[in-house]
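Here are some exercises to work through with a viewer open. Try each task on your own before reading the solution below it.

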Amino acid sequence: MNSIVFGNLGVTLTDRHGARLTRLPLRTPRAGPMRLPHGPPTPQPPFMVDRDRQLDVIERALERRAAVEFTGVCGSGRTTLLLNACATRPGAPWATYVRVGGTELEDLLQDLMRRFYVYPGPENVRLTTQECARALSQVTGLVALDDLQYGAQQLAYLRGVLPGCTLAIGATAPLLGPLGTTSDLPGLTEPAALVLLSRELGRQITDAEMPAVRRLVNAVGGQPLHLRQAGALARIDGRTLDDLARRAEADPAALDALSMSAVGPEARRALAVLTLLGGALLPAHVLAQMADVAYLAQTFESLTARGLAEQSEDRFGLPVCKAEPYRNVLYRSIGLASALHSLAAWLGSRDPDGPEARGALDAAVSLLGFAAERREWQGVIRLVTVVERVLFVQGHWQAWQTALAHGITAAREAGDAAAEACFSHQQGVQHFLNDRTEHARRLLHRALDLRTQIGDTAGAAVTAANLALLVPVASATVPPAPPRAPSAVRRRVIGAVTGVVAVIAVGAVLGQVVGGSGGTDNGATSSLAPGTSSTSSPGTLDGGTIGGSSPSPGDSSPDGGSPGGVGSPGGVGSPGGVGSPGGGPLSPPVITAEAQSFLPAHVFPGAEAQVLDFTVTNPNTRTIDLGPPTIPDDTGFSSADDTCSTRLAAKATCTVSVEFAPTRTGPAEARLTLASGNLTPATANLTGTGYVLVTVRLAAGRSMGATVKSNQPGTECTGRTGLVCELQATTDDFRLTASGTESGVAFGSWSGDCAGFAPVPCTPPPGEDSDVTANFKPHLT
């Protein structure tokens, strides 16, 4: 199905030209979504041992409809616990498992609606965020959210949306705070570890092996994943448990390295492709095409047996927490262009609304982001072309916006005007559907210009038809809209808009979480709390004039005066008076503020770009000419929008919006200039700082106190191992050092984008996001 209904709009995907919008006739309200008669199916859970206490915690939470979370280092078994908690049991409440990962909150609500509801009739209806919240408030049961990364406000909102549900959360670090209870997932006890290790060995452990087994269990802190890897290394490769214990005592991560080095070239390519998918699962035959692997069963079963991959029915993927570390090791084995082509070809052959396409969304979005980082522009264009259709139909409109941003960047870099036109058209439609009419108008005009230039008459007709819906109906009884009031700070995402519609039904506090840069675009000051947005019904337009300020009374004459007033014959503007051709000298326009500092900004295409507004004032009693706003290239600053035309009426104001999207780290300076004929140009100084993200992971076989500090003041990651921090590096000379914060803890080695042993500092790759792991170990003092 390639069409949806959203409010009073019908949205249909054409074959090549993007979405066509149509207004639907008014009719009686449609029936609402219907609850499914049964809960969503739960896959067969993996083998689990020694987690009865955690399952009891979840059972008690179900009685109180409370929220609980389980935290732990990579490989501690969070996913296994949540899947087992959701397994079908006689008489148990409905339960569903969702791997959240990087899914935006608004998109998650759409996913949960698909789990519990179905919309009657032939139409594919996308509900608004408010409608999703109202429907989900009626759901009861267990909702397990794995690999969650939301902040406190987002979790408060989600808790309010699902008051009848028990939330069981898996995360690397505590998130819930006062909203629920947190349990650190411990390693397996020695008896349980023996059971798991014996199962992986396929035999009983002998008495002679027990000392080595105890050392191994202690070295890895009882982590189930490391025990699985050790069992496979002993069973498949013939390594002794004593040798594995010795290596793990030096560095538990050595088991990962041994497991990866033990696989053959085909399995290594397959594993490399799995790293691109960020933990998402895909069918084996699709993965085989992406990795150019011939022997499906042998290859993927080998990876699963070694604990390097996971299997759910006929789909394979990586343990989520291993995607980044493995990718850093296996990048040279990845045929990125081939993988992009294969996934795009397969996804393009699926029904956008079908379960296969839905199951591939996480994989496609992860691969798309990685390809954009690596500037694989042709592959990005091809994958965006197919994945944006799926994201649109599946209701993942936040991810849809991000994908289109990648597509526009790739099309511009590749000089593909047709692709840029198509993606700009789609992004304009997305803004239209979210009532951001000014942004929609600008992007659709851009698409129309491109399509006209390249002679795409059919595509231009689709874009023009959508633009026509943005034009308000003329009415003599409707007064002109007031001039657009400048906002102090307006944040937006370059292609990936972070704001979503406020959910009024769940209260103002919850609305603060979902609100943002969406809503109407008329610039009026909102009376809502910070972070909220006023909400109109889907598909409706702003009530004001589209495209800028309307002339105010007294500004109708060319020089800004009205008959009999300033500038008219016989009035104040008579010959020799102010405003006449022979009047006094004109003053230059004024820009306020004279200088503005932007917040530190992420150096990455598609990252958030802060937009600040500058007010341009004509201090004169007659009209002045204005040139376009100019900012030097390659500074990171650029003009985003403006309401100024070539002439500015007497005493009138207009707004110039400037965005800061740096391309390099460090401080940036520029000057906004606005010329006015022969007058002195108006200027404003711009300053900002660009940064890249350095993800730091504190890793060890068991919980320890540790810290990683940088040479940049105020930038460090300190806490218990298992903690993950994102540091903002604002200089290319960014270095990290690591140490234990309690006795008996020592730093062992760096891995990820840094590789080396103590005491060598870690120097991440300059100018790009990076991911480093500081590995700690017990140290006898």
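The exercises below concern a predicted model, and each one comes with a worked solution.

**Exercise 1. The whole chain**

Task: Find how many helices and strands the protein has, and what share of its residues is buried.

Solution. Start with the secondary structure: the count comes to 23 helices and 31 strands. Next, turn to burial: of the 781 residues, 52% are buried. Then look at the surface, where about 33,200 Å² is exposed and carbon and sulfur atoms supply 54% of that area. Finally, take the contacts between residues at least 6 apart in sequence: 71% of them join residues at least 24 apart.

**Exercise 2. A sheet of three strands**

Task: Work out which strands of the sheet E26-E25-E28 stand at the edges.

Solution. First write down the order, E26-E25-E28, an open sheet with antiparallel pairing. Strands E26 (716-720) and E28 (736-740) each have a single partner strand, so one side of each is left without a neighbour in the sheet, and these two are the edges. Averaged over the sheet and ignoring direction, neighbouring strands are turned by 10° against each other. Now zoom in on one pairing: E25 (residues 705-710) and E28 run antiparallel and are joined by five bridges. Within it, Thr-707 stands opposite Ser-739.

**Exercise 3. An aromatic pair**

Task: Decide how the rings of Phe-637 and Phe-660 are arranged, and which parts of the chain they tie together.

Solution. As a reminder, a pair of aromatic rings is described by the distance of the centres and the angle of the planes. The structure holds nine aromatic pairs. For Phe-637 and Phe-660, the centres are 4.5 Å apart and the planes make an angle of 20°. The cut-off for stacking is under 30 degrees, and this pair is stacked. Phe-637 belongs to strand E20 (residues 637-642) and Phe-660 to strand E22 (residues 653-660), so the pair ties together parts 23 residues apart in sequence. Both residues are buried. For a further look at rings, visit the cluster that ring pairs form from Phe-6, Phe-392, Trp-397 and Trp-400.

**Exercise 4. A covered helix**

Task: Find which residues of helix H12 are buried.

Solution. Helix H12 spans residues 284-291, and six of its eight residues are buried. Going along the helix, these are Ala-284, Val-286, Leu-287, Ala-288, Met-290 and Ala-291. Just past the helix comes Asp-292, with a positive phi near 55°.

**Exercise 5. Backbone exceptions**

Task: Locate a cis peptide bond and two loop residues with positive phi.

Solution. Begin with the general expectation: most residues other than glycine have a negative phi, and most peptide bonds are trans. The bond between Thr-592 and Ala-593 is cis, with omega about 5°. Ala-593 sits in the loop between strand E15 (590-592) and E16. Turning to phi, Arg-375 has a positive value of about 60°, in the loop between helix H17 (361-373) and helix H18 (377-394). Asp-634 has a phi near 60° and lies in the loop between strand E19 (624-625) and E20. With a relative accessible area of 55%, Asp-634 is exposed.

**Exercise 6. Two strand residues**

Task: Are Ala-595 and Gln-610 buried or partly exposed?

Solution. Ala-595, in strand E16 (residues 595-597), has a relative accessible area of 48% and is partly exposed. Its C-alpha lies 5.9 Å from that of Leu-686, although 91 residues separate them in sequence. Gln-610, in strand E18 (residues 608-617), is buried at 7%. A polar atom of the Gln-610 side chain lies 2.7 Å from the backbone nitrogen of Leu-599.

Notes: Residues are numbered from 1 along each chain as its sequence is written. This is a predicted model: local features need pLDDT of at least 70, side-chain atom pairs count only at pLDDT 80 or more; totals for chains, interfaces and linings use all residues. Side-chain values use heavy atoms; hydrogens and water are left out. Helices (H or I, at least four residues) and strands (E, at least two) are DSSP runs, numbered from the N terminus. Buried means under 20% relative accessible area, exposed over 50%, partly exposed in between (1.4 Å probe, protein chains only). Contact means heavy atoms within 4.5 Å. Accessible areas come from the Shrake-Rupley method with a 1.4 Å probe; for residues, only the protein chains shown count as cover. Two strands pair if DSSP finds at least two bridges between them. Axes are lines fitted to C-alpha atoms, for helices over the stretch in contact, and angles run from 0 to 180 degrees between N-to-C directions. A polar contact is a pair of N or O atoms within 3.5 Å; within protein, one must be able to donate a hydrogen and the other to accept it, and residues adjacent in sequence count only if both atoms are side-chain atoms. Rings of Phe, Tyr and Trp (its six-membered ring) pair if their centres lie within 6.5 Å; planes under 30 degrees apart count as stacked, over 60 as edge-to-face and the rest as tilted.
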